[in-house]
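Reader: I'd like to learn how to read helix packing and empty space in a model. Could you walk me through it?

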Amino acid sequence: MENNAATTSIASVTLEVADLEAAHRFHTAFGVDAHVRLRASEAHSTGFRGFTLALTVSGPATVDSFLGAALDAGATVLKPAAKSLWGYGGVVQAPDGTTWKVATSEKKDNGPATREIDEFVLLLGVEDMKASKRFYVGQGLTVAKSFGGKYTEFASDESSPVKLALYKRRGLAKDLGVAVEGTGSHRIVLGGTAGPFTDPDGFVWEAATSIAPAPSTPSAMS
């Protein structure tokens, strides 16, 4: 394990959606509109898009609050909220197709539900963990946690609103309760403090200053 400050980080996450107005309504109701940007795209995309966005919150009541808001706004349940060895959480799929995981390490509530997000994490599903980790280290990211070929988490500084982690694609799909197969666009573009570049699994990064709410050429899934 390494614990050094990141020299490169995610400055923004842009989701490509077919219906901007509907997506904006959903993200506002869900409570994540401050964390993601949206832009129009009609790019072909089927099945698992290879990533999930995860919210870490304070307790089970807050997990239920976020998941309830998502369902009221049109999301569908992929994994109902439940206790596990690591805490409590559930997974939903937004109307635009993005999967969202909401979780806490707490199994009992120590207070009332809030609408506060403690941590916003982007988990990318990768085919070759060793190669992907080496690639991102080469782009200037610093490894904070690494568990063999299954999971890698990168350090983020206070200026970065998003923590980046890598998960084996098959393992991530299983964790989310979806089939691993997927084709077409990931429908996500990352704005970084370095870039532009495309990673080994086809996830596209742009320089943060170049991010604009206009259609872009989507990436291809692995």
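Author: Sure, and keep in mind that this is a predicted model. One bit of vocabulary before we start: Ala, Val, Leu, Ile, Met, Phe, Trp, Tyr, Cys and Pro count as nonpolar, Asp, Glu, Lys and Arg as charged, and the others, Gly among them, as polar. With those classes, the lining of the largest cavity splits into six nonpolar, four polar and one charged residues.

Reader: Which residues line the largest cavity?

Author: The general trick is to roll a probe the size of a water molecule over the atoms, which shows where empty space is left. Here the lining consists of Thr-8, Ser-9, Ile-10, Leu-141, Phe-154, Ala-155, Ser-156, Ser-160, Val-162, Lys-163 and Leu-164. The space inside the largest cavity is about 40 Å³.

Reader: And how much space lies in the largest pocket?

Author: About 580 Å³. Its lining has 17 residues, and the closest to the pocket's centre are Thr-56, Trp-86, Lys-101, Ala-103 and Tyr-151. Strands S4, S7, S8, S9 and S10 each give two or more residues to that lining. By class, the pocket lining has nine nonpolar, three polar and five charged residues.

Reader: Now the helices: at what angle do H1 and H2 cross?

Author: Two packed helices are described by the angle between their axes and the distance between the axes. For H1 (residues 20-30) and H2 (residues 60-72), the axes come within 8 Å and cross at roughly 155 degrees. Angles over 145 count as roughly antiparallel, so H1 is roughly antiparallel to H2. Phe-26, Ala-29 and Phe-30 of H1 meet Phe-66, Ala-69 and Ala-70 of H2. That contact has six nonpolar, no polar and no charged residues.

Notes: Residues numbered from 1 in each chain as written. Predicted model: local features only at pLDDT ≥ 70, side-chain atom pairs only at ≥ 80, totals over all residues. Heavy atoms only, no water. Axes fitted to C-alpha atoms, helices over the stretch in contact; angles between N-to-C directions. Helix = DSSP H or I, 4+ residues; strand = E, 2+ residues; numbered from the N terminus. Parallel < 35°, antiparallel > 145°, perpendicular 65-115°, else oblique. Contact = heavy atoms within 4.5 Å. 1 Å grid on protein atoms, 1.4 Å probe; cavity = no way out; pocket = protein on both sides within 12 Å on 5 of 7 lines; lining within 4 Å. Points joined across faces, edges and corners; volume = space filled by probe spheres on them.
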